[in-house]
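Good morning, and thank you for making time for this presentation. I shall introduce a structure that is new to many of you, and I ask you to keep it in view as I speak.

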Amino acid sequence: MRLATWNVNSLTVRLPQVLDWLAAQQASGSAIDVLALQELKLTDDKFPFDAFTAAGYEAVCFGQKTYNGVALLSRAPLNAVVRNIPGFEDEMARVIGATVNGIRVIGAYFPNGQEPGSDKFAYKMRWLQALRDWVRGELAVHAQLVLMGDYNITFDDLDVWDPVGLKDTIHCTQEERAHLSALIALGLSDAMRLFPQPEKNYSWWDYRNMAFRRKQGLRIDHILISDALRPRALACAVDTGPRRNERPSDHAPVVLDLRSGG
DNA sequence: ATGCCTCAGCTCCTGAGA
């Protein structure tokens, strides 16, 4: 079973690239079974259900105008769908969860936070606390759980192209990383770090300054898996292919391979 | 450089992203 997450930065612009990527994966013999999308930047009435159905995917979405917006695509049925963090009042569409083949899958677009000390940073901290409290309960009910998406947080300096220059800046602060560690402490593992790391293993590159070509990126898109799923993890990698497209998203997809069965 | 791209939209500038 293959699961992936991709911040597409406007599904309107990127839909052809998503369809091409899914088709290419399938043609190579390793189709994506579940794909979490972030930053749809469209309302639910504009979501391209038909295109995904034609590609063999069931979809659930949670969109909004202009900003945010998340979706899950799956080749198998999606059950018990949840939108945003229950009990946490939020005007932004950032979370969508569903159960697929007995696995609780949560796709999330974590707040950016803009700058330490800002109102948006304070919101990010509140949101992270609420997410953790909710995921703790989900784990108690669903031993097999995947939490994936655009976290907008780096784990450590290995995830940062210039750890000295970017020290304590957004995505790299102690406060954000403490929240990420606390999520891990619930009984989750960063799937990427279960395997040997390629050099400069990033998932996002600024559009400016030819950052992708210069390998100036951050690893901020993550797939966390519960302890019960850990023995099934076979591989986890960033696919930088779509970042080489014309008009690419600034993020590349991250893919997890799980051994089949339970 | 309070800059550099890219995207959406009450679109020819602004806000937000990261």
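I begin with the surface near DNA strand B, whose residues divide into five nonpolar, ten polar and seven charged. Please bear in mind throughout that this is a predicted model. In total, 22 residues surround DNA strand B. Which of them are the closest? They are Ser10, Thr66, Asn112, Tyr207 and Arg208.

Let me turn to the sheet. Six strands form an open sheet with mixed pairing, and their order is β3-β4-β2-β1-β14-β13. Which strands stand at the edges? They are β3 and β13, the latter covering residues 233–238. Each has a single partner strand, so one side of each is left without a neighbour in the sheet. From one strand to the next, the twist averages 10 degrees. As a general reminder, the strands of a sheet pair through backbone hydrogen bonds, in either a parallel or an antiparallel manner.

I should like to dwell on β4, which spans residues 70–74. Strand β2, residues 34–38, runs antiparallel to β4, and five bridges join the two. Within this pairing, Leu35 has Leu73 as its bridge partner, and Gln38 stands opposite Val70. Strand β3 is also antiparallel to β4 and is likewise joined to it by five bridges. Here Glu58 is the residue opposite Ser74.

Is β4 enclosed or open to its surroundings? Five of its five residues are buried, so the strand is largely enclosed by the rest of the structure. In a regular strand, side chains alternate between the two faces of the sheet. In β4 both faces are covered: Val70, Leu72 and Ser74 are buried on one side, and Ala71 and Leu73 are buried on the other.

Just before β3, which covers residues 58–62, a loop leads from α2, residues 49–54, and this loop holds Gly56. Gly56 counts as partly exposed because it has 13 C-beta neighbours inside 10 Å. Gly56 and Ala76 are 20 residues apart along the chain, and their C-alpha atoms are separated by 9.3 Å.

Next comes helix α3, residues 119–141. How does its span agree with its number of residues? At 1.5 Å a residue, its 23 residues should span 33 Å, and its end C-alpha atoms are 34 Å apart, which agrees. The buried residues in this helix are Lys124, Trp127, Leu128, Leu131 and Val135. What do they pack against? Their partners are β8, residues 145–150, and α4, residues 174–184.

I close with two lysines and their backbone angles. Most residues other than glycine have a negative phi. Lys41, although not a glycine, has a positive phi of about 55 degrees. Lys215 is not a glycine either, and its phi is positive at about 60 degrees. Where are they found? Lys41 is in the loop between β2 and α2, while Lys215 is in the loop between β10, residues 204–205, and β11, residues 217–218.

Are these two residues buried or exposed? Lys41 is buried, because 20 other C-beta atoms lie within 10 Å and 20 or more is the criterion. Lys215 is exposed, because 12 other C-beta atoms lie within 10 Å and 12 or fewer is the criterion.

Thank you for your attention.

Methods
Residues numbered from 1 in each chain as written. Chains lettered and ligands numbered in written order. Predicted model: local features only at pLDDT ≥ 70, side-chain atom pairs only at ≥ 80, totals over all residues. Helix = DSSP H or I, 4+ residues; strand = E, 2+ residues; numbered from the N terminus. Expected span 1.5 Å × (residues − 1). Contact = placed C-beta atoms within 7 Å. Near = placed C-beta within 6 Å. Nonpolar A, V, L, I, M, F, W, Y, C, P; charged D, E, K, R; others polar. Pairing = 2+ DSSP bridges. Axes fitted to C-alpha atoms, helices over the stretch in contact; angles between N-to-C directions.
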